Amino acid sequence: MKEYILETKDLEYTYGDGTHALKGVNLKIEKGKKIVVVGVNGSGKSTLFLNLNGVLRATKGEIYFKGEKLEYNKKALMKIREKIGIVFQNPETMLFSSNVFQEVSFGAINLGLDEKIVRSRVEQALKDVHMEDYAEKSIHFLSYGQKKRVSIADIIVMKPELIIFDEPTSSLDPKHSKQVIDIFDSLSKNDITVIVSTHDINFAYSWADYVIVMKDGLIRKEGRPEEVFSDTALMEECYLEKPYILEFFEQLKDKKAIKCKKIPKTKEELYMMI
């Protein structure tokens with residue numbers, strides 16, 4: 001039986017200027033899965049994320065974490081933000097301390113933990129993002145990619161059960177993008193549910209267990225990557241391109257160059273078929 005860690009029912013959100021950003025989102029997130037949310041800018045992805053841990057208060061509808069309805073009192077919000085962490089697109093918006101150790105320790109200190117436990121958590125979080133050698137380094141002198149990893153450590157130190165990443169590889173070169181994706185894989189292996197929004201369709205296709213497509217504040221389709229991205233009409237409707245692996249596979253199949261019916265998810269799987 002599937003275990004759902006997070007659920008929304010008829011979730012709506014309208015901004016103060018009248019923008020109806022979410023229009024009845026019904027969503028179930030399975031525990032421990034790697035989830036990717038795709039959609040063009042303005043589709044509602046970031047607004048959805050900010051609603052999921054109470055940064056924004058839903059205009060209508062309900063949010064459930066592990067079966068418990070999200071309430072908006074101070075105690076409940078502190079609890080949900082400990083369990084659901086968000087790493088924003090721009091690390092500059094998250095980092096404010098003078099050095100790396102102080103930065104990552106801030107969240108753990110706010111949990112009221114003993115000093116030894118705080119230090120242990122910070123050291124482990126920095127190891128998890130491969131920044132342990134930079135503990136005393138000034139935030140100001142870090143590269144963009146290093147700042148991104150510190151912002152992830154900021155959330156890991158809280159020991160959340162679910163982490164949301166909003167456009168995590170934006171502005172990163174391939175090397176640093178891979179480092180961040182490796183962190184996602186490590187988190188997933190530790191049974192942390194990972195939700196990622198991205199414009200990188202090829203990454204979404206090969207990495208995700210489950211894909212959610214949003215457009216105009218609604219979920220247009222969800223399911224396994226092979227099912228979602230094979231829907232040509234959906235891709236056109238939502239202004240998305242097919243992953244190159246899937247597109248190449250379909251062309252080879254149409255030309256009868258391969259007979260395998262199983263759809264490849266990685267380039268290695270595709271190479272094996274050719």
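Against which elements do the buried residues of α6 pack? The legends below describe close-up views of a predicted model.

**View 1. Helix α6 and the elements around its buried residues.** Helix α6 comprises residues 174–189. Its 16 residues reach 23 Å from the first C-alpha to the last, close to the 22 Å expected at 1.5 Å a residue. The buried residues of α6 pack against three helices, α4 (115–128), α5 (144–156) and α7 (201–207). They also pack against the strands β3 (34–38), β7 (162–166) and β8 (193–197).

**View 2. The two sides of helix α6.** The buried residues of α6 are His176, Ser177, Val180, Ile181, Ile183, Phe184, Leu187 and Ser188. Seen down the helix axis, these buried residues fall within an arc of 150°, so they line one face of α6. On the other side of the helix, Pro174, Lys175, Lys178 and Lys189 are exposed. Just after α6, Asp191 takes a positive phi of about 70°.

**View 3. Pro168 in the loop between β7 and α6.** Pro168 is buried, because its relative accessible area is 3%, under the 20% cut-off. Leaving aside neighbours within four places in sequence, Pro168 is in contact with Lys148, Val180, Phe184, Val196 and Ser197. Among these contacts, Val180 and Phe184 also belong to the buried residues of α6. The C-alpha atom of Pro168 is separated by 8.3 Å from that of Asn90, although the two residues are 78 residues apart along the chain.

**View 4. Thr193 in strand β8.** Thr193 has a relative accessibility of 0% and therefore counts as buried. Not counting residues up to four places away in sequence, Thr193 touches Ile5, the residues Ile29, Glu30, Lys31, Gly32 and Lys33, and the residues Glu161, Leu162 and Ile163. The strand that holds Thr193, β8, is also one of the elements against which the buried residues of α6 pack.

**View 5. A nonpolar patch on the surface.** The patch is formed by Phe248, Tyr271 and Ile274, which together have about 350 Å² of accessible area. Tyr271 lies in helix α11 (residues 267–273). With a relative accessible area of 53%, Tyr271 is exposed, because the cut-off for that class is over 50%. In View 3, by contrast, Pro168 is buried.

Key. Residues numbered from 1 in each chain as written. Predicted model: local features only at pLDDT ≥ 70, side-chain atom pairs only at ≥ 80, totals over all residues. Heavy atoms only, no water. Patch = residues over 30% accessible without salt bridge, like charges linked within 9 Å, V, L, I, M, F, W, Y side chains within 5 Å. Areas by Shrake-Rupley, 256 points an atom, 1.4 Å probe, with all protein chains shown as cover. Salt bridge = Lys/Arg side-chain N within 4 Å of Asp/Glu carboxyl O. Helix = DSSP H or I, 4+ residues; strand = E, 2+ residues; numbered from the N terminus. Buried < 20%, exposed > 50% of the residue type's maximum accessible area, 1.4 Å probe, protein only. Expected span 1.5 Å × (residues − 1). Arc of directions from axis to C-beta. Contact = heavy atoms within 4.5 Å.
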